Amino acid sequence: MEIKIAKNYGFCAGVKNALEIVNKTVLTSKDKKIYMLNKIVHNQNVIEQIKNLGVIILDDSSLTNEEKIKSISEGILIFSAHGHDKKLDLLAKKQNLEIVDTTCKKVLLNIKQIQNALLENKDVVYIGIRNHPETEASLAISDKIIFLDFFSPDYSKLNNLKNISIHNQTTLIQDDLIKIYTKIKQICQNVEVHNDICFATSLRQKSLLEVTDEDLIIIIGDKISSNSTRLYEVGKSLYPNRTVLQINSLEELTKFDLSKYKKGFITAGASTPDEVINPIIKYLQNY
Ligand code: SF4
C-alpha cells in the first residue's frame, strides 16, 4: 500500500520528559519501592513498559487518589504528566513518600494562569472532559472554578457572570472549542479566552489536513488517550466518506481486511510510542 505519514505524530515533549524522569528515577533509586499514581500517560503499551521496570501502578478505580496514597508508605511516588491536586502532595509527605512530579510544563503554565485569574477575582470557567485527570487537577485548584463539560456544556452555569476568564484542557478539539467560546461570548460580556490547547495537540490535529487522496486513515493511539481519541474524531469529521481507524497495536490492525484500500495516511497521538508506530508503518508499506 502507498503510505503517507503525518509530519507531526507520536510522542510530544511532555510525554518524553515524563518518561525520562521515570527512567532516571528507576536507575537512581534501585533500593526503594517506586509507585505511580494512576497512568503517567494514557497508553497501555507505555504502562506495561513501566511495570516491567518494577514500578507499581496505583490505578485501582474503586479507590480515590487519597485512598491509593494512604495504602502505601515509604518509597517514591510518581505523579503523572496530567497534573494533580496539590493537596495530594501533603498526604504523600505524611505517608513518608518522596514525590517525583512529571507534570507537563504546558499544564503547569495553564495552572498558573488559572491561579492568576482567581487572584484577579475573575470568574474562572474551565472547559474539559469530565473525570479526565488534567481536568480534575485544574478543578482542584479552587471550588470557585466553574466546570463546563466539553461534550455537553451547560451554559446556564454562566448566567450572571460578568468577568469571565476561560481556560481549558490541553487535548481538546480546536474547532469544537472555538464554537464553545463563540457561544459563551454571545451570552456573556467581558470574556477573556486563553485557548490552552497545547502545541503538540494542535500540530497533530492540523497534520490531518495533509491527507489528500488517501482512502484509509489510521490513527495510532490508545482509546483511553484523550489526544489520540480527539485526533480520531477530527479525522472522522474531516473525512466522513473515508475509512478512519483508531488502533493501538499491529495485532489490532491485522484483524481488518485492508485489501480494498490503495493509499493510506498514518498518524499517531502524543502518547503513542515509536515501538507501536513503526511496526504498523512497516506492515502497511509491505501490504
Ligand atoms: S499532550 Fe500537550 S499537555 Fe499533554 S503532555 Fe503532551 S505537550 Fe504536554
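This report walks through the empty spaces in a predicted model, from its pockets to its cavity.

## The largest pocket

Let's start with the biggest open space. The largest pocket holds about 520 Å³. Its lining is made up of 20 residues, and those closest to the pocket centre are Asn38, Asn65, Asn131, Pro133 and Glu136. If you have the model open, these five residues are a handy place to centre your view.

Two helices each give at least two residues to this lining: helix H3 (65–70) and helix H6 (133–139). The largest share, three residues, comes from H6. In terms of domains, domain 2 (13–104) and domain 3 (106–197) each provide at least three residues of the lining of the largest pocket. By class, this lining has eight polar, seven nonpolar and five charged residues.

## The second largest pocket

Next comes the second largest pocket, with a volume of about 370 Å³. Here 25 residues form the lining, and Cys12, Val15, Cys104, Thr170 and Thr171 are the ones nearest the centre.

Several helices take part in this pocket. Helix H1 (13–28), helix H5 (105–119), H8 and H9 each contribute at least two residues to its lining. The class make-up of the second largest pocket is 12 nonpolar, 11 polar and two charged residues.

## The enclosed cavity

Now for the space that a probe cannot leave. The structure contains one cavity of 30 Å³ or more, and the largest cavity encloses about 30 Å³. Its lining consists of Thr201, Arg204, Gln205, Asn227, Leu231 and Gly269. Helix H8 (199–207) and helix H9 (226–238) are the elements that give two or more residues to this lining.

Which helix supplies the largest share of the lining of the largest cavity? That is H8, with three residues. Sorted by class, the cavity lining has four polar residues, one nonpolar residue and one charged residue.

## Bringing the spaces together

Helices H8 and H9 are worth a second look. Both of them give two or more residues to the lining of the largest cavity, and both also supply at least two residues to the lining of the second largest pocket. For the largest pocket, the helices to look at are H3 and H6, each with at least two lining residues.

The class counts round off the picture. Charged residues number five in the lining of the largest pocket, two in that of the second largest pocket and one in that of the largest cavity.

Note on methods
Residues are numbered from 1 along each chain as its sequence is written. This is a predicted model: local features need pLDDT of at least 70, side-chain atom pairs count only at pLDDT 80 or more; totals for chains, interfaces and linings use all residues. Side-chain values use heavy atoms; hydrogens and water are left out. On a 1 Å grid over the protein atoms alone, a cavity is a set of points where a 1.4 Å probe fits but cannot get out, and a pocket is an open set with protein on both sides within 12 Å along at least five of seven lines; lining residues have an atom within 4 Å of a point. Grid points are joined across faces, edges and corners, and a volume is the space filled by probe spheres set on the points. Helices (H or I, at least four residues) and strands (E, at least two) are DSSP runs, numbered from the N terminus. Ala, Val, Leu, Ile, Met, Phe, Trp, Tyr, Cys and Pro count as nonpolar, Asp, Glu, Lys and Arg as charged, and the others, Gly among them, as polar. Domain bounds come from an automatic or database domain assignment.
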